[in-house]
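Welcome! Here is a short first tour, meant to be read with the model in view.

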Amino acid sequence: MSFVSPVLAYRPDIDGLRAIAVLAVVIFHAFPQVLPGGFVGVDVFFVISGYLISSIIFKALDGGTFSFADFYARRVRRIFPALVLVVLTSLLLGWAVLLPDEYAQLGKHAAAGLGFVANVAYWMESGYFDTAAELKPLLHLWSLGVEEQFYIVWPAVVLLLWRFGAGLWWATAGLALVSFGISVWLSPVFPSASYFLPFSRAWELLAGAMLALALRSRGGQPFVRPGLLQETLVGLGLVLIMLALVLVNKTRDFPGAWALLPVLGAVLLIACAPGSWTGRQVLSNRVMVWFGLISFPLYLWHWPLLAFLRIVKGGELDGQLLAAAVGLAVLLAWLTYRLIEAPVRHLPGWRTVAALVLVCVVVGGQGWSTFNREGLPFRLKDAQAKEEAGAMAWPSHLSGSEACGDGVPERLMGRCLIADVTRVPDVALIGDSHANHYYWGLSRELASMNLNLLQFAAQGCPLLFDYDLQRGGESMGCQMVAMQAFQHALDTPSIHTVIMAGRWVAAMTGEQLAGRGHADKGVLVVGRDGVQTNLGRDQVMLEAIERTLVVLQAAGKRVIFLDSVPELDFNIRECISWEPNQYVKRIPRPECEVPRAKIDARAQQYRPALHSVLNRHPGVTVLDPVGYMCDARACYGRRDGVLLYRDDDHLSLAGSYWIARQLRAVLAEALGRPAVAVSAGDGRG
């Protein structure tokens, strides 16, 4: 994704290596089952970038002509034209086809991408391989963020070491080793941080920089002479990259040590390919060079096209459609290279640079404005689409004691909400984000019974006595939140009822969503007797539930246990139909439902054991939303004209109100209250 400066001799074999990298990424994104490790093409790009940019810096320093202004002006001419074009096109497409929450997110990502902090933005949101990743049209800009952050720091480091006469190669090797160590440490325990952040990626660019330094020390002479050794090393480089493409997949701790395969492969090819038969006949092949020349715009174009196609069509896409999107990306990349990228790169003067920066700021500002204006909801004219798109929105997650007024624990961890801040609470709802999605409806229905609901919640944390989660040997804080929440409920006389809620299916099975692998790789469950392995997680959970029920009932608290909602195997937004114009239409799923048999099969993994514990406590009231959200045939994403979910496992705000209305009678009976059908206000504190 970098370029060959005019101060360097052109190497067609490097364009051939770029072709391997970009084609691997494109194939992975379009057909992941064909090339499960195709995303390592980005790592190959990092090595190329580190090598070329460092070579440019070293050559300029040797000649006494290095200038920060010139260095960054070249980056602007190279990166900005195609980048701004793709981001602007994405914003225009988003105007036509995205729902407000999607368009707001795209606006934020556009601003982050043009500000070269997209990697930080995505790290703060979620993991690269989560379900929503394929619905983020500018997700791929994370790699540009890593590169540009490296380019901000690296020239200054080189110049500093250069002026003080320090050992540049050894300093670079030391930095690379530290970065590699961070990558190996972070990848198993904080995979998202390791994937997106520059600290664990810098060693890949520094590997290219070390190669540039080694070549400089040889006066530009080849590392090996033509012959068997050279061909062997070049072949080994290709083999290492090919192994990465087939052995690495999204279940690996990546980058980490696995990234050595593509990085070392790229280093060997850059170092040894010139003059070799493989370099001439394979990497310097005209087709490979052509793809290498358009690699940057192809990288930029392919992912937004695939993402918008998936958004508009929904569900599984036909292979022909995916192939057509890839073909269109290739065409747009060639046109961008010929008509925009190449001409602009060679325009003289600072006016070109200033104009590009100004356009970048304007487009990025428009993206940020779109984010702040909540995705411009006025674009939706269809009443049903507008109403259902509103279901994607969610109230602010207020956190800390300030959201609940006085009388809650000081320095409260987790999140706190109360329906009426002027009253003492009567009922406490304790759990994870699935407890929170019940809160809004329950607070409204309990208010109709003259009861005030208090919520303590922590995202991703089942809140139970003597139960915690660890990542990297450190507590994730679940137990601390749980102890504060339950102790407050026990110590507050006005709280006569505790509602326990959570995503029990995921907590007990370790599965994020049906058929979508594990959400908590690198997480250990910690029970009363110390660290437990994932193999014993269900038993640890059951013991913690048992302890919690015993403590609450012994204290005279009424206990209501809210079971998990049935989880969809698709994102609910696929159910929304929207036809903004005669040319574009979001086609909804023909059936917004999941077969009941699939839901029951997943429930069978945890419910028998869970209910065996609950049955030992006859005073506990168990509320099961499945009976209301499903019938004998299916479980539904939409009932009574209400879109029940906001993704694939969390209730929407309307869904929270809907399920609370269904539970009103049994809830009132459990609480000894009349089930007055009053539903006013929005239940917020």
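This is a predicted model, and a good place to begin is Ser276, found in the loop that links α11 (260–272) to α12 (277–283). With a relative accessible area of 0%, which is under 20%, Ser276 counts as buried. Its side chain reaches the backbone nitrogen of Gly279 at 2.9 Å. Leaving aside neighbours within four places in sequence, Ser276 is also in contact with Gln230, Glu231 and Val234.

Next comes the nonpolar interior. The largest nonpolar core has 130 residues, and Ile57, Leu83, Val87 and Trp142 touch the most other members. Helix α2 (residues 41–62) gives the most to this core, with 14 residues. Apart from it lies another core, of 49 residues, with Leu568, Leu644, Ile659 and Leu671 among them.

| Core | Residues in the core | Some members |
|---|---|---|
| Largest nonpolar core | 130 residues | Ile57, Leu83, Val87, Trp142 |
| Another core | 49 residues | Leu568, Leu644, Ile659, Leu671 |

Look at Ile57 for a moment: not counting residues up to four places away in sequence, Ile57 touches Phe66, Phe71, Trp154, Pro155 and Val158.

Finally, turn to helix α9 (residues 202–217). How far apart are its end C-alpha atoms? They are 22 Å apart, and this agrees with the expected span of 22 Å, because 16 residues are counted at 1.5 Å a residue, using one less than the number of residues. Helix α9 is mostly covered, as 14 of its 16 residues are buried. Just after α9, Gly219 takes a positive phi of about 65°.

Note on methods
Residues numbered from 1 in each chain as written. Predicted model: local features only at pLDDT ≥ 70, side-chain atom pairs only at ≥ 80, totals over all residues. Heavy atoms only, no water. Helix = DSSP H or I, 4+ residues; strand = E, 2+ residues; numbered from the N terminus. Buried < 20%, exposed > 50% of the residue type's maximum accessible area, 1.4 Å probe, protein only. Core = buried A, V, L, I, M, F, W, Y, C linked by side-chain atoms within 4.5 Å. Contact = heavy atoms within 4.5 Å. Polar contact = N/O pair within 3.5 Å; in protein donor to acceptor, adjacent residues only side chain to side chain.
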